[in-house]
Amino acid sequence: MTDRVTEENTNPGSPSAGQGAKRYLITSALPYANGQKHIGHLAGAYIPADIYVRYLRAQKRDVAFVCGSDEHGTAIPIQAMKEGTTPQAIIDKYHKQIRQNFADLSISFDVYDRTSNPIHHETAQEFFTYLNDRGELEVKESEQYYDEEAKTFLADRYIKGTCPNCGFEGAFGDQCEKCGTSLSPDELINPVSTLSGKPPVKRSTKHWYLPLNRHEEWLRNWILNEHKDDWKSNVVGQCKSWIDAGLQPRAVTRDLDWGIKVPLPDAEGKVLYVWFDAPIGYISATKQWAQNTGNDWKPYWLDKETKLVHFIGKDNIVFHCIIFPVMLKLHGYVLPDNVPANEFMNLEGDKMSTSRNWKLDMQDYIDDFLKKENGGPQLADSLRYYLTTILPETKDSEFTWKGFQDAVNGELVAVFANFFNRTFVLMHKLTGGKVPKFHNDIADEKDRELMAEIKAAKSRVESLIEEYKFRDALFEVIDLARKGNKYMQEKEPWIKAKKLTDEGEQMRAQAEIDNCLHLCLQLCANLAIFINPFLPNTAKKMCHLMKVVDKMLDWENGGSLKLLSVGYSLRAPELLFRKIEDSEVQYQVDKLKTGLEKSKMEQEKNAAGSMQSTVGSLQTTDESQPQMQNIKPQIVYDDFDKLDLRIGTILAAEKVQKADKLLKLEVDLGFEKRVIVSGIAQHFSTEELVDKQVIVVANLAPRKMRGIESQGMILTAEEPGGKLILVNPNQLAQNGSNVK
Ligand SMILES: [Zn+2]
């Protein structure tokens, strides 16, 4: 473990490290409310911010942690089109879901607002007016694509054409989803409007621009000189390449009907560009928070003694380090003290992608692990733990299910929880369930070493968190638990317990046991304090078992060796975490692969349908086709053709141990024999199945059930009452025959 803890204090440049500002305003990137958010997002901007904020709160600092849904921009109406509903329904659905996901994973925002909030519309319009009135914006006419049939200017996303880079015919006006190249609509070959399917024409339109070029010199000095040491090198590096390339005026308005209206009489049909209004969302969220809590929002944005920190992913650096600071400066607001942007997190060897369905959504994890019977809120901490150990702080990192299992079982359970549990078990066995006395007269070198470690850990964790090195900070905490295990191993209180019956050594043995467990218990209390910013549910549970109030978790208590008073009786031991089983890992990996297949099929299906029909679905949402009861959505022949159905004969059948529903079948497909695990044990006896012919889905991805790999599936018919009947040919057929 120690090799993962890099050298401390490599960054003495941070002016505010250790000192503390008068107040803190912490923001996490506003999630775009056009769909579910995955754990890559979670690790990028939310878990790090939450760790930092919980740490500040434990230090009793004045802190506001704000976030909210970003609900404007063209992707919202486009998602509405895809789901056959309205933009309002889309933002309502995803805002609610994302907010709940964060709550379930213990992200402790003080406010989770939304940019459709009227406060935000007012704030963003005021911001625009403020800049415009002072001549800080420029107005320019330009030629843009217009759809004559739909009578509207076309946002980049509404234009499709051939990618000049890879030749893909379905590239969008802002990006080719096939090769990933960023595009402008002018680069597309044979552009067409996705609204009418017709080629668009160029028309002149007027827009307002933020002339970033005017602020180049100031930015260069502010970022590349003033922050070259305390900002992450990846952040400074990206800013430098932007500035070196020369900054251009950037349009802050666009022709669209979904968004915040431009507050000017001659701007009919124009809204604020989403990148302009979204970061202002931090300000409006702060206002909403102030309104909710009776605070004053102004000092958080106007007083120079506020420390503003934006937590974001690397795709957002330019907005938070260049564009938004220019806006803030022009309006006289505080500037970010730091923008600790993270790199990306990959998943099982590949980039996470919503369109390819290669991802783990927060919702999926919550569904699979957070139900009470699966472990409840503790399992939120298991995910928080693993994600923190692989935070992409300096380079891209990778989530694997095996890695998740190893981190939880090998570190959380085997090191951290094990120390806590052992201490509690031994205390109940050897010191009557009470905190024993510490006998100073027999304290030895090992005791003193451990005491020093506890005190030193506090300042190490502290400075690492202040430097935004959350992985290393967490490793320090786990390392401290590891030192506790080592100490206990060396002290061997269970060996000394054998001497308790020996009259001559009894006193000394008990005193040594007391000292060991006294120190281990004080260490447990310290571990609760140190783990609290990272794993808040765990810290709470530890407090409960130690019968102390949550106030013990105040950071100032860290390092103290008098947290639990002598003679105090503690609760019976309980496991802090459960292990992650092999079958869970297998299930998740299979699910990921199945999801990828499914999305490939959907994409092929979509490619087959015309662009017209996609648009058509927007207009016909209210008169959608009546659905026949219980019939699944229609598929095309190609979907059916993907199934490989074969005739097979069951050679043998046996019950699967400890699974009352499962049978293990050996099936002869003519060209090969397969093992198939089938959930039909309650409907058939093993004897009646042998020698029966069945229809087998022969190309189903193998899946492990109860440790047995099932290589396919057999078909049954289910009667309305739930009774199963085997489906087989009505006369003997040759094994391996195709079923079509
Ligand atoms: Zn391309």
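Biologist: Why is the site of the zinc ion called tetrahedral?

Modeller: The angles among the four donor atoms of the zinc ion run from 106 to 114 degrees, and four donors count as tetrahedral if all angles lie between 85 and 135 degrees, so the site of the zinc ion meets the rule. Please keep in mind that this is a predicted model, in which local features need pLDDT of at least 70 and side-chain atom pairs count only at pLDDT 80 or more, while totals for chains, interfaces and linings use all residues. Residues are numbered from 1 along each chain as its sequence is written, and side-chain values use heavy atoms, with hydrogens and water left out.

Biologist: How do you know which atoms coordinate the zinc ion?

Modeller: The SG atoms of C163, C166, C176 and C179 stand at 2.3 to 2.4 Å from the zinc ion, and donors are N, O and S atoms within 2.8 Å of the metal (3.2 Å for Na, K and Ca), so these four sulfur atoms qualify as donors. Along the sequence, the donor residues are spaced C-x2-C-x9-C-x2-C. C163 lies in the loop between β6 (159–162) and β7 (171–172), whereas C176 lies in the loop between β7 and β8 (189–193), and this pair, 13 residues apart, links distant parts of the chain.

Biologist: Are C163 and C176 buried or exposed, and by what cut-off?

Modeller: The relative accessible area is 2% for C163 and 0% for C176; since buried means under 20%, exposed over 50% and partly exposed in between (1.4 Å probe, protein chains only), C163 and C176 are both buried.

Biologist: How do you know which strands are at the edges of the sheet that contains β6?

Modeller: The open sheet has three strands in the order β7-β6-β8, with antiparallel pairing, and β7 and β8 are the edge strands because each pairs on one side only. Two strands pair if DSSP finds at least two bridges between them, and two bridges join β6 to β7, so this pair satisfies the rule. In that pairing K160 stands opposite F172 in β7.

Biologist: What makes β18 and β19 a pair, and in which sense do they run?

Modeller: Strand β18 (residues 663–668) and strand β19 (residues 673–678) share six bridges and run in the antiparallel sense, with K664 opposite V677 in β19. Four residues lie between the strands of this hairpin, where G670 takes a positive phi near 85 degrees.

Biologist: Why is α14 described as largely enclosed?

Modeller: Of the 22 residues of α14, 16 are buried, so the helix is largely enclosed by the rest of the structure. Helix α14 (residues 470–491) is a DSSP run (for helices, H or I, at least four residues; for strands, E, at least two), numbered from the N terminus. From its first C-alpha to its last α14 reaches 32 Å, close to the 32 Å expected at 1.5 Å a residue, the expected span being 1.5 Å times one less than the number of residues. Just after α14, E492 takes a positive phi of about 45 degrees.

Biologist: Why is the contact between R384 and D50 called a salt bridge?

Modeller: The side chains of R384 and D50 meet at 2.7 Å, N to O, and a salt bridge is a side-chain nitrogen of Lys or Arg within 4 Å of a carboxyl oxygen of Asp or Glu, so the contact qualifies. R384 is in helix α11 (residues 378–389) and D50 in helix α1 (residues 39–58), so that distant parts of the chain, 334 residues apart, are linked. R384 is buried, with a relative accessible area of 1%, and D50 is buried at 0%. By this rule the count comes to 47 salt bridges.

Biologist: What makes the salt bridge of E512 and K496 a tie between parts of the chain?

Modeller: The closest N and O atoms of E512 and K496 are 3.8 Å apart. E512 lies in helix α16 (residues 506–531) and K496 in helix α15 (residues 493–496), so the pair ties together parts that are 16 residues apart in sequence. At 22% relative accessibility E512 counts as partly exposed, whereas K496, at 17%, is buried. Elsewhere, salt bridges that share partners join E453, R460, E476, D479, R482 and K483 into one network.

Conventions: Four donors count as tetrahedral if all angles lie between 85 and 135 degrees; four count as square planar and six as octahedral if opposite donors are over 155 degrees apart and all others between 65 and 115; anything else is irregular.
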